[in-house]
Amino acid sequence: MLGDWKGRPLVSSWRDAEGLDLTPEGLPVVSFENQLRVMRFDADLRGTAMSPLPPMRIDSENQVFEALALDAAGRVVLISEYPLKGESAAAVLRQSGEDWDRLGDLTLDGGFHPTGSDFAPDGSLIVLERRVG
């Protein structure tokens, strides 16, 4: 079970895990909705929050960064499930040291929304999308 830095289980809205990737050492990196954050976990599944995400205008904290992937340099790339408030495309962010850079946008088409992502061996970002309803 995922835990905080002291090993206590994550509870309530703090445990809404969405995106997952593994470091080259096999350790999980997880994005969370509701309490928006990204955490790195050790072998005992004790988590440490990464640098805070930038301020964003969102409609719901339960519809934000569901897709997470680590690039070849080990940086976290996040894709929002829905557009940020006032925008028409999903936001794509990448960890840059202690900051986050906006890499661009992902156009949403046909009611599909990003729910997962990974990098191919050639460095291409692959995005899994789904449509509910």
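Reader: Which residues does M50 touch, not counting residues up to four places away in sequence?
Author: M50 touches V29, V38, M39, R40, V76 and Q95 once residues up to four places away in sequence are set aside, where contact stands for heavy atoms within 4.5 Å. The model is a predicted one, in which local features need pLDDT of at least 70 and side-chain atom pairs count only at pLDDT 80 or more, whereas totals for chains, interfaces and linings use all residues. Numbering runs from 1 along each chain as its sequence is written, and side-chain values use heavy atoms, with hydrogens and water left out.

Reader: What makes a set of residues that includes M50 a nonpolar core?
Author: The term covers buried Ala, Val, Leu, Ile, Met, Phe, Trp, Tyr and Cys residues joined through side-chain atoms within 4.5 Å, and buried in turn means under 20% relative accessible area, with over 50% called exposed and the range in between partly exposed (1.4 Å probe, protein chains only). The largest such core has 12 residues, including M50, V29, V38, V76 and W100. The elements that give two or more residues to this core are β5 and β6, and β5 gives the most, with three residues. Another core, of six residues, lies apart from it, with A67, V77, A90 and L108 among them. In soluble globular proteins, nonpolar side chains tend to be buried together.

Reader: Why is D71 called buried?
Author: D71 has a relative accessibility of 11%, and because this value falls under the 20% limit, D71 counts as buried. D71 lies in the loop between β5 (65-70) and β6 (76-80). Its side chain and that of R75 are joined by a polar contact of 2.8 Å, which satisfies the requirement of a pair of N or O atoms within 3.5 Å, where within protein one must be able to donate a hydrogen and the other to accept it, and where residues adjacent in sequence count only if both atoms are side-chain atoms. Leaving aside neighbours within four places in sequence, D71 is also in contact with R94 and F119.

Reader: How do you know that D44 and R46 form a salt bridge?
Author: The closest N and O atoms of D44 and R46 are 3.6 Å apart, and a salt bridge needs a side-chain nitrogen of Lys or Arg within 4 Å of a carboxyl oxygen of Asp or Glu, so the pair qualifies. R46 also meets D42 in a salt bridge, at 2.9 Å from N to O, and D42, D44 and R46 are thus linked in a network of salt bridges. At 55% relative accessibility D44 counts as exposed, whereas D42 at 24% and R46 at 34% count as partly exposed.

Reader: What makes the salt bridge of R102 and E87 a tie between separate parts of the sequence?
Author: The side chains of R102 and E87 meet at 2.6 Å, N to O. R102 lies in strand β8 and E87 in the loop between β6 and β7, so the pair ties together parts that are 15 residues apart in sequence. R102 is partly exposed, with a relative accessible area of 38%, and E87 is partly exposed at 34%.

Reader: Why are β5 and β8 called edge strands?
Author: Each of β5 and β8 (99-107) pairs on one side only, in an open antiparallel sheet of four strands ordered β5-β6-β7-β8. Two strands pair if DSSP finds at least two bridges between them, and because three bridges join β6 to strand β7 (residues 89-96), these two count as paired. Strands are DSSP runs (E, at least two residues), numbered from the N terminus.
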